[in-house]
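Trainee: Please take a close look at chain B for me. I would like one connected account rather than a list of separate remarks.

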Amino acid sequence: MRCPDFLERYSDFRDGRLTDRVWLQQMQQHLKACPHCQRFHAAIREGVEVLRGLEPAEPTPAFRQALRARLADGASSADPRGALAPGAIAVATLLAVAATLLIYEGLARPRRPSLAGSRQSLPVVIVNPSAPFVSFAAAGGGQQGLLARWASSDSEAIAP
Amino acid sequence: MSTVTGTQRTSPSRAAPRTLGELDDSAVVAAHLGGHPEAFEELVERYQKRLLNFVYRTIGDRERAEDLVQEVFIRVHRHLHRFDQSKKFSTWIYTIASNLAKNELRNRSRNPLVLFQAMKRSWEADHRPLQFEDPHHRPDDLFRKRHLKDLVEWAVAQLPPHHREVFVLRELEGKSYEDIAEITHCHLGTVKSRLNRARNRFAQIIAPHLD
């Protein structure tokens with residue numbers, strides 16, 4: 001067995017998960033023979049021992065009190081089984097407003113005549129539009145006056 | 001100490017009331033859900049120190065770790081009715097703690113000010129007053145011991161967060177690979193490879209100082 005093989009299976013070996021007896025024997029033999037892997041194994045063993053021996057962090061005396069206060073706050077404001085959360089209230093309000101607007105819109109809009117029986121003529125589509133028709137007779141000042149105004153005007157609106 | 005009857009899942013045939021401290025986690029959970037609010041206190045008592053150390057070792061900030069552990073208990077209290085009682089309570093509560101610790105590390109990496117404050121706090125801890133130690137030990141031993149402790153703590157802090165989490169869960173909390181996989185939402189193979197890498201790195205850091 002080479003060192004990389006040993007290192008690859010080291011966690012299973014250390015945690016007693018290496019069930020294959022052949023591999024287990026080879027690991028043990030390699031550990032006996034290889035100073036590099038012995039050093040590695042000792043570092044893990046001793047390091048973890050020191051780590052486990054470190055003084056554990058203790059919760060401060062105020063921990064429980066603060067937790068109780070936070071739980072009491074939470075119980076009054078954010079109990080999922082009791083009152084609704086603020087987000088849910090906002091969403092519900094928005095939905096209610098939207099529904100009201102939709103209903104109002106439906107009621108307030110003037111009724112359209114039913115399609116059956118009321119035919120409306122569609123606008124005629126002019127394929128080649130020309131100058132708008134101008135009734136000379138309708139304009140004040142007679143035909144001559146209008147022609148004179150037309151001749152003197154530079155308006156494009158009535159130009160051919 | 002309060003007593004509970006009727007809600008125990010462990011020994012329903014036993015009629016005599018038992019103290020909460022005698023019940024296993026699932027029975028305490030059942031007691032809380034069955035209307036014994038004091039059962040929640042028992043859960044806090046059982047897990048506050050373990051979770052504090054787990055979160056502290058994972059994020060490296062003692063004060064913040066305490067805030068996060070409080071948050072864990074608040075979430076447990078809020079969602080306990082949704083907890084699948086066929087599963088292990090300890091795995092569930094560690095999963096919540098692990099998620100919060102990960103979020104904390106993620107936020108910290110995005111916010112340099114928070115990172116700086118955490119570094120400043122741990123730097124200030126080095127300036128604590130000297131304490132007298134056991135006079136029966138030789139000064140060399142004392143120095144080596146203190147040096148090793150600091151070194152080991154530092155070595156753990158040097159591991160990448162997702163390796164550190166697996167390492168702490170295995171070596172300090174003694175969790176099984178399967179539980180770690182569930183807590184960290186990883187495959188078993190990922191847990192193995194992360195643990196192997198964490199151990200390699202840990203050994204690389206401390207081995208030169210053990211000779």
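Mentor: One term has to be settled before anything else: a helix here is a DSSP run of H or I with at least four residues, a strand is a run of E with at least two, and both are numbered from the N terminus. Keep in mind too that this is a predicted model. With that term, the partner chain can be put briefly: from the N terminus on, the elements of chain A read α-α-α-α-α-α-α, which comes to 7 helices and 0 strands. Chain B has 9 helices and 2 strands, and its pattern along the sequence is β-β-α-α-α-α-α-α-α-α-α.

Burial comes next. In chain B, 36% of the 211 residues count as buried. In chain A, which has 160 residues, buried residues make up 7%. There is also a figure for how chain B brings distant parts of its sequence together: among its contacts with a separation of 6 or more, 53% are between residues 24 or more positions apart.

Now the inside of the chain. In soluble globular proteins, nonpolar side chains tend to be buried together. The largest nonpolar core in this model has 53 residues, and Val55(B), Val72(B) and Ala97(B) have the most contacts inside it. Helix H2 of chain B gives the largest share of that core, 11 residues. Take Ala97(B) as an example: leaving out residues up to four places away in sequence, Ala97(B) touches Leu51(B), Phe54(B), Val55(B) and Val72(B). Two of the three residues with the most contacts in the core, Val55(B) and Val72(B), are therefore themselves within the 7 Å C-beta limit of Ala97(B).

Phe54(B) leads on to a pair of helices. Two packed helices are described by the angle between their axes and the distance between the axes. For H2(B) and helix H7 (residues 161-171) of chain B, the axes come within 9 Å and cross at roughly 150°. That angle makes H2(B) roughly antiparallel to H7(B), because angles over 145 degrees are put in that class. The crossing is right-handed. H2(B) contributes Phe54(B), Arg57(B) and Thr58(B) to the contact, and H7(B) contributes Arg164(B), Glu165(B) and Val168(B). Sorted by class, these are 2 nonpolar, 1 polar and 3 charged residues.

A second pair of helices is arranged in another way. H8(B) and H9(B) pack at an angle of about 100°, with their axes 9 Å apart. H8(B) is therefore roughly perpendicular to H9(B). On the H8(B) side the contact has Tyr177(B), Glu178(B), Ile180(B), Ala181(B) and Thr184(B), and these meet Leu188(B), Val191(B) and Lys192(B) of H9(B). The classes in this contact are 5 nonpolar, 1 polar and 2 charged residues.

His185(B) is found in the loop between these two helices, H8 (177-184) and H9 (188-210). Its phi is positive, about 55°, although His185(B) is not a glycine. His185(B) counts as exposed because it has 11 C-beta neighbours inside 10 Å, and the limit for that class is 12 or fewer.

Further along, in helix H9 of chain B, is Arg194(B). Is this residue buried or exposed? Arg194(B) is buried, because 23 other C-beta atoms lie within 10 Å and 20 or more are needed. Apart from neighbours within four places in sequence, Arg194(B) is in contact with His162(B), His163(B) and Val166(B). From Arg194(B) to Pro160(B) the separation is 34 residues in sequence, and the C-alpha atoms are 9.7 Å apart.

H9(B) also matters for the last topic, the contact with the other chain. Chain B gives 31 residues to that contact and chain A gives 28. On the chain B side, the elements that provide two or more residues are H2 (38-59), H3 (62-79), H6 (139-158) and H9. H9(B) provides the largest share, 10 residues. The chain B side has 16 nonpolar, 6 polar and 9 charged residues.

One residue of the partner shows the contact from across. Leu67(A) is in helix H5 (residues 62-77) of chain A. Leu67(A) is buried, with 23 other C-beta atoms within 10 Å. Its contacts, leaving aside neighbours within four places in sequence, are Val44(B), Gln70(B) and Phe73(B).

Methods: Residues numbered from 1 in each chain as written. Chains lettered and ligands numbered in written order. Predicted model: local features only at pLDDT ≥ 70, side-chain atom pairs only at ≥ 80, totals over all residues. Nonpolar A, V, L, I, M, F, W, Y, C, P; charged D, E, K, R; others polar. Core = buried A, V, L, I, M, F, W, Y, C linked by C-beta atoms within 7 Å. Axes fitted to C-alpha atoms, helices over the stretch in contact; angles between N-to-C directions. Parallel < 35°, antiparallel > 145°, perpendicular 65-115°, else oblique. Left-handed = near helix turned anticlockwise from the far one by under 90°.
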